[in-house]
Amino acid sequence: MTVTAVSFDEVTERYEPVIGLETHVELGTKTKMWCGCATGFGAEPNTQVCPVCLGLPGSLPVVNASAVEATIRIGLALNCSIATWCRFARKNYFYPDMPKNYQISQYDEPICTDGYLDVEVDGETVRIEIERVHMEEDTGKTLHVGGSTGRIHGATHSLVDYNRAGIPLVEIVTKPITGTGARAPQVARAYVTALRDVIRGLDVSDVRMEQGSMRCDVNTSLSPSGSGVWGTRTETKNVNSLRSVERAVRSEMIRQAGVLDAGGKITQETRHFHEDTGETTSGRSKEEATDYRYFPEPDLVPIAPDPAWVEELRQTLPEPPALRRKRIQQAWGVSDHDWASVVNAGAVELIEATIAAGASPESARKWWMGELARRANETGTELEALPITPSQVAGVQALVDAGRINDKLARQVLDGVLAGEGSPEEVVVARGLEVVSDTGALGAAVDEAIAANPDVAEKIRSGKVAAAGALVGAVMKATKGQADAKTVRELIIQKLS
Amino acid sequence: MAVPDSGDDLTRLTATETAAKIASGDVSAVEVANAHLDRIRAVDGDVHAFLTVDEDGAIACAESVDDKRANGEPLSPLAGVPLALKDVVVTRGLQTTSGSKILEGWIPPYDATITRKMREAGVVILGKVNMDEFAMGSSTENSAFGASRNPWDLTRTPGGSSGGSSAAVAAFEAPIAIGTDTGGSIRQPAAVTGLVGHKPTYGGVSRYGLIAFSSSLDQAGPFGRTVLDTALLHEVIAGHDPMDSTSLDVPVPPVVAAAREGAHGDLAGLTVGVVKELGGEGYEPGVEAACRAAYAKLEEMGAKVVEVSCPHFGYALAAYYLIAPSEASSNLARFDAVRYGLRVGDDGVRGLEEVMSLTREAGFGAEVKRRIMIGTYALSSGYYDAYYGQAQKVRTLISRDFAAAFETCDVLVSPTTPTVAFKLGERVDDPMAMYASDLCTLPAPLAGLPAISVPAGLAAAPGGGPELPVGLQIMAPALADDRCYRVAAAVEAALGVLADKAPLLEGAK
């Protein structure tokens with residue numbers, strides 16, 4: 001079958017996309033879902049394991065109460081109903097990274113149902129309806145060795161790390177999202193972004209897509225415009241960044257339209273997204289997929305959260321990110337565009353704390369998004385991982401405001417603080433960075449500059465005051481930036497008038 | 001080290017007597033252990049109860065009991081008493097196979113909760129005993145390591161699946177044993193070997209470290225030659241375990257006190273219900289006669305004996321053979337050659353799925369495969385409601401039958417098995433006949449209730465040979481395990497301890 005190449009605009013002229021998102025979030029609990037093993041990321045393979053998470057014969061799971069609490073809080077933040085009684089179920093299929101060859105999950109009795117999350121796209125609010133939020137366990141990680149693709153095909157052997165096996169996982173499933181038209185890719189991205197912010201605000205997961213603590217499967221189908229008949233959907237996996245969410249929807253819409261335009265049929269299947277090409281390729285076909293043979297997990301007792309406790313949890317929910325954003329944006333006077341970069345840099349809390357420590361919103365944002373963001377970038381770390389605290393940043397700004405240092409010196413003060421030389425005050429003293437505004441001390445430097453630049457001096461004498469800038473520069477250079485520029489300028493004009 | 005002359009005597013003692021002799025210093029725990037190890041060497045060639053004998057571990061444990069005594073430390077009630085442990089219970093450092101080739105050679109890195117409790121109580125684990133593969137069977141003929149034999153008649157089965165446990169205790173290789181019961185796997189072997197065997201209330205004993213067959217039914221429980229010995233072991237293993245979510249956080253029923261009280265033979269005020277549906281066609285006349293005689297004894301001791309009807313018990317077999325295989329099909333999925341146990345066909349060329357398939361093909365026996373297939377089918381989409389779903393409804397109806405019966409009765413009774421021990425080989429080719437061995441024992445686990453089997457005398461063996469033991473089953477409401485022991489102790493007081501009449505076997509003298 002020949003597939004017609006179609007542009008995205010053409011797709012949305014003829015088809016209406018229906019999308020759905022299944023998002024997995026690894027909870028940041030100290031211990032695993034069914035046992036006391038640690039959950040830290042990056043440990044040596046198979047060092048955070050025990051008979052339970054290795055699924056050894058005879059071992060049994062016990063539910064992690066913190067994971068249940070975190071899931072309920074997610075459900076509440078997504079405006080879901082919380083079940084008064086629910087159960088776990090076994091999802092049976094064979095895979096070597098799943099030690100029991102079944103995953104303990106929830107099936108027809110999820111803990112949270114029927115919620116929604118409002119997201120903003122192009123200044124317009126889109127309500128994404130949430131079908132369910134349920135608890136399950138993560139699998140181990142398989143590394144296929146010897147093949148060219150890193151996939152099991154062609155590999156000579158595989159290595160399995162069970163450290164991740166049994167880490168609590170929450171799956172958040174949307175209802176089908178319709179009526180978004182050409183904005184479907186943006187809506188998908190906006191939803192995942194908003195979901196990430198909600199969960200981050202709850203402090204129940206670090207929601208890092210690049211580390212896999214938040215993973216997204218994107219369902220896409222096309223319906224001929226006006227037909228009201230939904231097409232066959234595909235499920236795209238391996239979507240590992242917010243940008244990829246948007247690209248995956250877009251590319252799958254284009255691909256499906258091409259197949260349909262050529263008179264072909266969409267196969268219900270799992271597809272893999274490729275970051276490099278931005279395209280999806282066929283994975284396992286759903287028709288030959290396993291029958292999971294779900295049944296209630298007999299090793300666990302049902303969970304019946306006390307409604308009074310659920311209400312208590314509701315009272316402790318943080319301010320919803322959308323409201324918080326509106327409040328902060330207003331207070332800081334930040335445009336939508338600038339806000340996005342602040343969020344992406346993970347700087348919201350840092351800036352807030354810096355303001356709380358006495359800096360103005362403008363200056364707090366300037367340091368974190370400018371100088372400090374650059375340094376974080378250079379060293380490949382997160383802003384919050386830099387060895388400087390918001391109150392230290394506020395301290396630097398206070399020195400600037402007091403006229404004791406200028407912006408250029410402030411950068412050196414930041415260097416010192418980041419190098420562990422102490423507080424901003426201590427760095428200023430130790431490095432001798434204070435601005436020199438003593439006219440006596442500066443007089444000599446000004447005289448030298450005048451002597452060295454007779455032409456410029458002449459211009460100034462003849463009234464071209466603007467030329468003073470060149471002399472100021474010379475003085476600043478001579479004093480290694482430590483002179484107060486304003487004082488130098490006044491001195492020059494005074495001497496030459 | 002063998003102890004001349006005293007060996008035979010020590011193996012004839014009850015657990016209670018043995019513990020008393022050790023506590024008083026009449027005999028050392030090491031002497032007791034050696035006497036039983038000698039007995040195993042003498043008779044286990046015939047009986048084939050043991051899959052693994054742990055001489056070193058047993059002697060080390062016995063020595064630590066002797067040391068404790070020498071230091072004046074308090075000893076628990078079964079300290080120094082030898083025990084046979086069903087090979088479905090994991091033991092750190094000691095091979096655990098669940099009767100299957102697929103686990104041959106597996107050395108668990110951890111102890112089951114009940115293993116730990118027994119070690120802490122100073123119970124001397126002599127070794128691991130035979131069973132039907134993954135506890136699926138009623139004769140031990142499904143063991144990958146050969147069948148065990150009934151000491152009363154070596155051509156017959158000691159029952160199953162805990163047939164190694166029953167054979168070991170009936171052959172005086174150990175005074176007590178641990179078995180597990182899913183559909184009758186403690187009570188049926190106890191019945192056909194003249195022993196006492198109890199299936200506790202579901203959740204009464206931790207399942208942590210029991211290789212799962214059917215998670216919603218499996219319970220570990222004690223075997224003994226006397227009711228008191230059985231109760232003492234029950235108290236060692238019972239109690240809440242935070243590692244098992246289905247374990248009940250309630251006090252252990254006072255089973256030892258009940259066994260002592262029942263031995264007085266006074267059952268005044270007790271109403272006993274004889275379950276009408278557990279009798280009649282398919283039940284051997286000798287078995288029914290022995291049970292009727294036992295009911296008469298109950299009346300003599302002051303109990304009121306009435307007939308009750310449990311109309312849904314007839315569906316128990318069908319429901320059981322959907323629920324247990326369904327859970328088993330999932331529980332046994334983990335045996336895939338990846339992390340432990342057998343691996344077949346891993347030649348560097350064959351792929352993962354092929355190695356998994358070859359391993360499971362070679363590692364599982366026919367009955368296990370049959371049940372995995374039945375269970376896989378019953379859970380399949382499109383069939384779930386008709387099979388697994390329907391079976392769960394039957395389970396509810398059986399529970400209601402029990403609840404209704406317990407409104408008027410304190411305990412329910414029936415034969416434990418429809419027949420005396422059958423001949424080895426007699427039912428291996430007829431799964432339905434084999435399944436029928438469990439007709440009377442299935443309802444209690446489906447409802448999660450406690451039930452005990454206590455000897456009710458001997459009956460003629462169809463096909464000739466010596467007379468064989470008959471078991472009487474006593475069922476009680478959840479957590480009323482003590483009632484089972486009380487009535488069983490009364491029966492034992494009236495009829496005598498049957499196990500003492502078991503043949504001594506060649507080599508015992």
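This section describes the fold of chain B and its contact with chain A in a predicted model.

Chain B contains 17 helices and 11 strands. Its C-alpha atoms occupy a box of roughly 65 × 55 × 50 Å along the principal axes. The radius of gyration of chain B is 21 Å, which agrees with the value near 23 Å expected for a compact globule of 509 residues. Of these 509 residues, 63% are buried. Contacts that are distant in sequence are frequent in chain B: among those between residues at least 6 apart, 77% join residues at least 24 apart.

The 11 strands form an open sheet with mixed pairing, in the order E1-E3-E2-E4-E6-E5-E10-E11-E9-E7-E8 of chain B. Strand E1 (50-53) and strand E8 (304-308) of chain B are the edge strands, each pairing on one side only. On average, and with direction ignored, neighbouring strands of the sheet are turned by 30 degrees against each other. Within the sheet, strand E9 (residues 411-415) and strand E11 (residues 468-475) of chain B are antiparallel and share four bridges. In this pair, Ser414(B) stands opposite Gln473(B) of E11(B).

Two helices that lie across strands of chain B may be described. Helix H4 (residues 55-70) of chain B lies across E1, strand E2 (82-86) and strand E3 (124-129) of chain B, and runs at about 160 degrees to E3(B). Helix H10 (residues 285-300) of chain B lies across strand E7 (271-275), E8, E9, strand E10 (451-459) and E11 of chain B, at about 110 degrees to E10(B).

In soluble globular proteins, nonpolar side chains tend to be buried together. The largest nonpolar core of the model comprises 172 residues, and those with the most contacts inside it are Leu83(B), Val124(B), Ile474(B) and Ala488(B). Helix H3 (residues 29-47) of chain B gives the most to this core, with 10 residues. Residues up to four places away in sequence aside, Leu83(B) touches Met118(B), Val123(B), Val124(B), Ile125(B), Leu126(B), Ala174(B), Ile176(B), Ala177(B) and Ile178(B). Another core, apart from the one that includes Leu83(B), has 68 residues, among them Val52(A), Val204(A), Val239(A) and Ala257(A).

The contact between the chains involves 33 residues of chain B and 25 residues of chain A. On the side of chain B that touches chain A, two or more residues each come from helix H11 (316-331), helix H12 (352-363) and helix H13 (366-379) of chain B. H11(B) gives the most, with three residues. By residue type, this side of chain B divides into 17 nonpolar, 10 polar and six charged residues.

Technical notes
Residues numbered from 1 in each chain as written. Chains lettered and ligands numbered in written order. Predicted model: local features only at pLDDT ≥ 70, side-chain atom pairs only at ≥ 80, totals over all residues. Rg over C-alpha atoms; globule rule 2.2 N^0.38 Å. Buried ≥ 20, exposed ≤ 12 C-beta atoms within 10 Å, placed from the backbone. Contact = placed C-beta atoms within 7 Å. Nonpolar A, V, L, I, M, F, W, Y, C, P; charged D, E, K, R; others polar. Core = buried A, V, L, I, M, F, W, Y, C linked by C-beta atoms within 7 Å. Pairing = 2+ DSSP bridges. Axes fitted to C-alpha atoms, helices over the stretch in contact; angles between N-to-C directions.
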